[in-house]
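Morning, everyone. I have one structure for you today, and a short tour of it. Please have a look before I start.

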Amino acid sequence: MIAVEHEGSVVAVAMLAGELHAFDDTCPHAGCSLAEGELDGTTVECPCHMATFDVTTGEVVDGPATSGVATWSAAIANGALVLSEPQSPERDADAEAGREQGFHSATAGPDMDITILVELEHDAMRSQFDAIDALTDADELTEAWAVLAELLEVHASGEESVLYPRLARAADEGAEEADHAVREHNELRDSVAAVQRHPAGSEEWWQALRSARQVNEEHLQDEERDALPLFRESTDRAHREQLGREWVAFHEQHQHARGLSGEHVDPEDVVS
Ligand code: FES
């Protein structure tokens, strides 16, 4: 897939069985580039939180995105790419619910408030733990766990890089919250390493996975109850949207946890 600029939009173009398909490159979930994702048949998977879209219709196939992307008819004429007027996708049934929660539709653009992006990623983690629970085949478990382990590390490192240093400065209790959160991330990193030590699907693996899920869930709930509301109270929306853009850029830079070690992080390095 490639991304091209067209009349103020970035359009992803894919070649499938000799036919061109063009669709909005910007994932409506949190703005990542779909051209950077994976194409599997007619489905493209967003590199950031694995939402999938049908590239022939633009419709969302699977969340966390709640609405689809625009599509264009595409052809090559005289050596140049020619695009039609954009077509809006059919809305997913969840789109209405998503808008009620404050998420924007594809036409309104994604909500870039970092606290919303962080919470959306919490949902993606919980969904992936659920998806793993429904599997039994060792190869599928290995693959699904690899996706989740990457997501956990990118999320933790993203918070330590983009959110927590600002949280530490935003409010009196911010430093304490950020310090506590980094320690929880380190506990989670130990839990992830424990899962990796066993063959996927073995009894020990499931036990380590349940333990990692519990450690993660406790951290998510702490953050949703304390750190994120505190950050919202202490900052304005423009600042949170700026951080949201940094959050998306961090995810694009570290797709598949590229460049992230998974090692413990010193809370002092984040908070000071
Ligand atoms: S799924 Fe695409 S940005 Fe989250």
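Which residues does Ala178 touch, not counting residues up to four places away in sequence? Hold that thought. One caution comes before it: this is a predicted model.

Now the list. Ala178 touches Tyr164, Leu167 and Ala168. It also touches Val270 and Val271.

Let's step back to the overall layout. The chain splits into domain 1, residues 2–94, and domain 2, residues 114–271. Their C-alpha centres are 28 Å apart. Where they meet, domain 1 puts in eleven residues and domain 2 puts in ten. Take the side of domain 1 that touches domain 2. Six of its residues are nonpolar, four are polar and one is charged.

Next, the inside. The largest nonpolar core holds 58 residues. Ala178 is among those with the most contacts inside it, along with Cys27, Leu34, Phe53, Tyr164 and Leu167. Who supplies this core? At least two residues each come from strands S2 (9–16) and S3 (19–24), and from helices H2 through H7. Helix H3, residues 138–170, gives the largest share, twelve residues. Where does the core sit? Both domains give residues to it, so the core lies between them.

On to helix H2, residues 114–133. Here is a quick check on its length. At 1.5 Å a residue, its 20 residues should span 28 Å. The end C-alpha atoms are 29 Å apart, which agrees. Several residues of H2 are buried, including Ile114, Ile116, Leu117, Val118 and Leu120. Glu121 is buried in H2 too. What do the buried residues of H2 pack against? They pack against H3, H5 and H6.

Now one residue in helix H4: Arg183. Is Arg183 buried or partly exposed? Count the neighbours. Arg183 has 14 other C-beta atoms within 10 Å. Buried needs 20 or more, and exposed means 12 or fewer. So Arg183 is partly exposed. Compare its position with Glu224. The two are 41 residues apart in sequence, and 16 Å apart in space, C-alpha to C-alpha.

Let's turn to the strands. There is an open sheet of four, in the order S1-S2-S3-S8, with antiparallel pairing. S1, residues 2–6, and S8, residues 71–72, stand at the edges. Each has a single partner strand, so one side of each has no neighbour in the sheet. S3 and S8 pair over two bridges, in the antiparallel sense. In S8, Thr71 is the bridge partner of Phe23.

Last stop: the backbone. Most residues other than glycine have a negative phi, and most peptide bonds are trans. Here are some departures. Gly63 and Pro64 are joined by a cis peptide bond, with omega about 15°. Pro64 lies in the loop between strand S7 (60–62) and S8.

Then there is Met50. Its phi is positive, about 65°, although Met50 is not a glycine. Met50 is in the loop between strand S5 (43–45) and strand S6 (52–54). With 22 other C-beta atoms within 10 Å, Met50 is buried.

Ala257 also has a positive phi, about 60°, and it is not a glycine. Ala257 lies in the loop between H6 and H7. How many C-beta neighbours does Ala257 have inside 10 Å? It has 17, so Ala257 counts as partly exposed.

That's the tour. Thank you.

Note on methods: Residues numbered from 1 in each chain as written. Predicted model: local features only at pLDDT ≥ 70, side-chain atom pairs only at ≥ 80, totals over all residues. Domains from an automatic or database assignment. Contact = placed C-beta atoms within 7 Å. Nonpolar A, V, L, I, M, F, W, Y, C, P; charged D, E, K, R; others polar. Core = buried A, V, L, I, M, F, W, Y, C linked by C-beta atoms within 7 Å. Expected span 1.5 Å × (residues − 1). Pairing = 2+ DSSP bridges.
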